[in-house]
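Me: Please take a close look at the sheet in this model and at what surrounds it. I should like one connected account, with the cut-offs behind each term.

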Amino acid sequence: YHANTTGPEILTAFSGEQLDYWVTGYGTGGTFTGAGKVLKAARPDIKIILSEPSNAPLIASGIPQERDSNGAPAVGHPSFTSHPIQGWTPNFIPLVTQEGLDNGIADEIVQIGHEKAMETSLD
(Lines give C-alpha, C1' and ligand atoms only; values in the text may rest on other atoms or scores of the structure.)
Protein backbone atom coordinates (compact mmCIF):
# COMPACT_ATOMS: atom_id res chain seq x y z
CA TYR A 1 0.00 0.00 0.00
CA HIS A 2 2.62 2.58 1.04
CA ALA A 3 4.68 1.76 -2.05
CA ASN A 4 1.72 3.08 -4.06
CA THR A 5 0.77 6.00 -1.84
CA THR A 6 3.18 7.36 0.78
CA GLY A 7 6.40 6.75 -1.16
CA PRO A 8 5.18 8.49 -4.34
CA GLU A 9 3.65 11.32 -2.26
CA ILE A 10 7.04 12.00 -0.64
CA LEU A 11 8.74 11.95 -4.04
CA THR A 12 6.17 14.36 -5.45
CA ALA A 13 6.61 16.71 -2.49
CA PHE A 14 10.39 16.73 -3.09
CA SER A 15 10.25 16.88 -6.89
CA GLY A 16 13.21 19.00 -8.03
CA GLU A 17 14.46 19.20 -4.44
CA GLN A 18 17.25 17.47 -2.61
CA LEU A 19 16.14 14.62 -0.34
CA ASP A 20 19.05 13.32 1.69
CA TYR A 21 17.31 11.57 4.60
CA TRP A 22 13.98 10.05 5.48
CA VAL A 23 13.44 9.30 9.16
CA THR A 24 10.63 7.00 10.20
CA GLY A 25 9.57 4.62 12.93
CA TYR A 26 7.66 1.38 12.60
CA GLY A 27 4.38 0.04 13.79
CA THR A 28 3.36 -2.70 11.38
CA GLY A 29 6.33 -1.85 9.17
CA GLY A 30 4.24 -1.01 6.11
CA THR A 31 5.30 2.61 5.81
CA PHE A 32 8.97 1.85 6.47
CA THR A 33 9.12 -1.04 4.00
CA GLY A 34 6.72 0.17 1.29
CA ALA A 35 7.63 3.84 1.14
CA GLY A 36 11.28 3.06 1.85
CA LYS A 37 11.51 0.69 -1.11
CA VAL A 38 10.11 3.36 -3.45
CA LEU A 39 12.35 6.09 -2.06
CA LYS A 40 15.48 3.92 -2.40
CA ALA A 41 14.59 3.02 -5.99
CA ALA A 42 13.97 6.63 -7.01
CA ARG A 43 16.74 8.21 -4.95
CA PRO A 44 19.53 5.64 -4.48
CA ASP A 45 21.64 8.06 -2.42
CA ILE A 46 18.92 8.68 0.19
CA LYS A 47 19.68 7.54 3.73
CA ILE A 48 16.73 5.94 5.49
CA ILE A 49 16.85 6.14 9.26
CA LEU A 50 14.62 3.77 11.22
CA SER A 51 13.90 4.88 14.76
CA GLU A 52 12.69 2.89 17.72
CA PRO A 53 12.17 3.71 21.41
CA SER A 54 15.34 3.65 23.48
CA ASN A 55 13.54 1.61 26.14
CA ALA A 56 12.31 -0.92 23.52
CA PRO A 57 15.30 -1.51 21.22
CA LEU A 58 13.99 -4.60 19.49
CA ILE A 59 15.91 -4.23 16.23
CA ALA A 60 19.01 -2.67 17.79
CA SER A 61 19.22 -5.57 20.22
CA GLY A 62 20.14 -7.95 17.40
CA ILE A 63 17.91 -10.63 18.93
CA PRO A 64 15.83 -12.28 16.19
CA GLN A 65 12.05 -12.35 16.57
CA GLU A 66 10.78 -15.84 17.31
CA ARG A 67 8.10 -16.70 14.72
CA ASP A 68 5.56 -19.44 14.13
CA SER A 69 5.25 -21.39 10.87
CA ASN A 70 3.18 -18.56 9.31
CA GLY A 71 5.77 -15.89 10.11
CA ALA A 72 3.67 -14.38 12.90
CA PRO A 73 5.40 -13.60 16.20
CA ALA A 74 5.39 -16.68 18.40
CA VAL A 75 6.11 -14.62 21.53
CA GLY A 76 6.75 -11.03 22.50
CA HIS A 77 10.28 -9.80 21.86
CA PRO A 78 12.57 -10.08 24.90
CA SER A 79 13.91 -6.53 24.44
CA PHE A 80 10.49 -4.91 24.62
CA THR A 81 9.45 -2.73 27.53
CA SER A 82 6.37 -0.57 27.41
CA HIS A 83 6.59 2.99 26.13
CA PRO A 84 3.96 5.73 25.86
CA ILE A 85 3.86 6.22 22.09
CA GLN A 86 0.88 4.33 20.74
CA GLY A 87 1.44 2.71 17.35
CA TRP A 88 5.22 2.93 17.53
CA THR A 89 7.14 -0.31 17.99
CA PRO A 90 4.82 -3.07 19.20
CA ASN A 91 6.14 -5.84 21.47
CA PHE A 92 7.40 -7.79 18.46
CA ILE A 93 9.21 -7.16 15.17
CA PRO A 94 6.53 -7.37 12.47
CA LEU A 95 7.34 -9.60 9.52
CA VAL A 96 6.92 -6.66 7.13
CA THR A 97 9.49 -4.69 9.14
CA GLN A 98 11.86 -7.65 9.09
CA GLU A 99 11.48 -7.95 5.31
CA GLY A 100 12.42 -4.27 4.95
CA LEU A 101 15.46 -4.79 7.16
CA ASP A 102 16.46 -7.93 5.25
CA ASN A 103 16.18 -5.99 1.98
CA GLY A 104 18.53 -3.27 3.23
CA ILE A 105 16.01 -0.45 3.33
CA ALA A 106 17.30 0.97 6.64
CA ASP A 107 20.71 2.59 6.52
CA GLU A 108 20.77 3.25 10.22
CA ILE A 109 18.79 2.37 13.34
CA VAL A 110 18.44 5.19 15.85
CA GLN A 111 17.04 4.88 19.34
CA ILE A 112 15.16 7.82 20.77
CA GLY A 113 13.66 8.45 24.19
CA HIS A 114 9.91 8.87 24.31
CA GLU A 115 10.17 12.35 25.85
CA LYS A 116 12.26 13.64 22.93
CA ALA A 117 10.09 11.80 20.39
CA MET A 118 6.90 13.40 21.70
CA GLU A 119 8.54 16.83 21.93
CA THR A 120 9.82 16.57 18.35
CA SER A 121 6.43 15.48 17.03
CA LEU A 122 4.99 18.77 18.26
CA ASP A 123 7.60 20.89 16.42
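Reply: The account below starts with the origin of the model, then follows the sheet strand by strand and ends with the nonpolar core.

The model is predicted, so local features are reported at pLDDT of at least 70 and side-chain atom pairs at pLDDT 80 or more, whereas totals for chains, interfaces and linings use all residues. Residues are numbered from 1 along each chain as its sequence is written, and side-chain values use heavy atoms, with hydrogens and water left out. The pLDDT, the predictor's confidence in each residue on a scale from 0 to 100, averages 94 over the protein, and 100% of the residues score at least 70. Helices (H or I, at least four residues) and strands (E, at least two) are DSSP runs, numbered from the N terminus. Confidence is highest in helix α1 (residues 6–13), at a mean of 98, and lowest in helix α4 (residues 114–121), at 85.

The sheet is open and has three strands in the order β1-β2-β3, with parallel pairing; two strands count as paired if DSSP finds at least two bridges between them. β1 and β3 are the edge strands, each pairing on one side only. On average, neighbouring strands are turned by 25° against each other, direction ignored. For such angles, axes are lines fitted to C-alpha atoms (for helices over the stretch in contact), and angles run from 0 to 180 degrees between N-to-C directions.

Strand β1 covers residues 21–24 and is joined to β2 (residues 47–53) by four bridges. Along this pairing, Tyr21 stands opposite Lys47 of β2, and Trp22 has Ile48 as its bridge partner. The covered face of β1 holds Trp22 and Thr24, while Tyr21 and Val23 lie on the uncovered face. Helix α2 (residues 30–42) completes a right-handed β-α-β unit with β1 and β2. Right-handed here means that, with the strands pointing away from the viewer, the path from the first strand over the helix to the second runs clockwise.

Strand β2 is mostly covered, with six of its seven residues buried. Buried means under 20% relative accessible area, exposed over 50%, and partly exposed in between (1.4 Å probe, protein chains only). Five bridges link β2 to β3 in the parallel sense. In this pairing, Leu50 is matched with Ile109 of β3. The crossover from β2 to β3 runs through helix α3 (residues 95–102) and is also a right-handed β-α-β connection. Pro53 stands opposite Ile112 in β3.

Strand β3 spans residues 108–112 and includes Glu108. Glu108 counts as partly exposed because its relative accessibility is 43%. Contact (heavy atoms within 4.5 Å) joins Glu108 to Ile48, Ile49 and Leu50, not counting residues up to four places away in sequence.

The sheet also takes part in the largest nonpolar core, a set of buried Ala, Val, Leu, Ile, Met, Phe, Trp, Tyr and Cys residues joined through side-chain atoms within 4.5 Å. Of its 17 residues, Trp22, Leu39, Ile46 and Ile48 touch the most other members. α1, α2 and β2 are the elements that give two or more residues to this core, and α2 gives the most, with four. Leu39 touches Gly7, Ile10, Leu11, Leu19, Trp22, Ile46 and Ile48, again leaving out residues up to four places away in sequence.
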